[in-house]
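Please brief me on how this protein packs. Cover its helices, its nonpolar cores and its ring contacts.

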Amino acid sequence: MAVAALRRIRRRERNTHGGNTVDAEHDLLLLTTTGARTGQDRTWPLAYQRDGDRLVVFAANGGRPHRPGWYHNLAANPAGTVEVGTETWPVTAVVASGDERARLWDRQLEMTPFMADFQAGVEWEIPVVVLTRTAAA
């Protein structure tokens with residue numbers, strides 16, 4: 001099923017400018033991580049927000065009671081790759097904290113108020129993950 005979803009996203013990508021679109025309001029990126037247990041590459045479509053040159057994603061997992069697989073993968077190895085539109089680049093992931101997390105979370109709530117319901121439905125703080133472009137190896 002994930003492969004079919006990625007094909008749909010890539011097909012949409014060819015018809016957009018600057019990002020993969022979920023709908024008129026939300027852009028998608030493709031995040032590739034290294035599996036924490038398998039060591040194999042895993043690609044995940046994720047909604048994101050821009051913060052200057054950085055991309056920000058939220059490990060809400062749709063309000064499910066556990067964190068998403070991509071988050072566990074980045075916790076084990078913070079290096080990944082993102083694809084936005086027709087551009088792909090390496091990134092390093094850092095979990096935001098303190099005032100920075102609050103600022104990014106509040107901005108996300110303005111765009112997607114339903115994230116508050118996701119937070120209310122879990123006993124842990126939803127991680128806000130900042131993806132920063134790194135130099136190609």
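The points below go through helix packing, cores, ring contacts and one backbone angle.

This is a predicted model. Two helices, α2 and α3, get a closer look here. W70 links several of the topics: this residue is one of the buried residues of α2, is among those with the most contacts inside the largest nonpolar core, and has its ring paired with that of Y71.

**Helix α2**

- Helix α2 runs over residues 69-76, and its buried residues are W70, Y71, N73 and L74.
- Viewed down the helix axis, these buried residues fall within an arc of 160°, so they line one face of α2.
- The face turned away from that buried side carries the exposed residues A75 and A76.
- The buried residues of α2 pack against six strands: β2 (27-34), β3 (41-47), β5 (54-58), β6 (79-84), β7 (87-95) and β8 (128-133).

**Helix α3**

- Helix α3 covers residues 98-111, which is 14 residues.
- At 1.5 Å a residue, α3 should span 20 Å; its end C-alpha atoms are 20 Å apart, which agrees.
- R101, L104, W105 and Q108 are the buried residues of α3.
- They cover an arc of only 100° around the axis, so they sit on the same side of α3.
- Exposed residues D99 and E110 are on the face of α3 turned away from the buried side.
- The buried residues of α3 pack against the strands β4 (49-51), β5 and β8, and against helix α4 (115-120).

**Nonpolar cores**

- The largest nonpolar core has 17 residues.
- Inside this core, L29, W70 and L131 have the most contacts.
- Two or more residues of this core come from each of β2, β5, α2, β6, β7 and β8.
- A second, separate core holds twelve residues, including A96, M115, V128 and V130.

**Aromatic pairs**

- How many aromatic pairs does the structure hold? There are three.
- One of them joins W70 and Y71: the ring centres are 6.4 Å apart and the planes stand at 85°, so the pair is edge-to-face.
- Both partners are buried: W70 has a relative accessible area of 3%, and Y71 has 17%.
- F114 and F118 form another edge-to-face pair, at 5.5 Å centre to centre with 65° between the planes.
- F114 is partly exposed, with a relative accessible area of 40%.
- F118 also counts as partly exposed, at 21% relative accessibility. The cut-off for buried is under 20%.

**Charges over rings**

- Which residue lies over the face of W105? It is R101, at 4.9 Å from the ring centre.
- R101 and W105 are both among the buried residues of α3.
- R133 has its charged end over the ring of W89, 4.1 Å from the ring centre.

**A positive phi**

- Most residues other than glycine have a negative phi.
- N61 has a positive phi, near 55°.
- Where is N61 found? This residue is in the loop between β5 and α2.
- N61 is buried, with a relative accessible area of 19%.

Technical notes: Residues numbered from 1 in each chain as written. Predicted model: local features only at pLDDT ≥ 70, side-chain atom pairs only at ≥ 80, totals over all residues. Heavy atoms only, no water. Buried < 20%, exposed > 50% of the residue type's maximum accessible area, 1.4 Å probe, protein only. Helix = DSSP H or I, 4+ residues; strand = E, 2+ residues; numbered from the N terminus. Arc of directions from axis to C-beta. Contact = heavy atoms within 4.5 Å. Core = buried A, V, L, I, M, F, W, Y, C linked by side-chain atoms within 4.5 Å. Phe/Tyr/Trp six-rings, centres within 6.5 Å; stacked < 30°, edge-to-face > 60°. Lys NZ or Arg CZ within 6 Å of the ring centre and 35° of its normal. Expected span 1.5 Å × (residues − 1).
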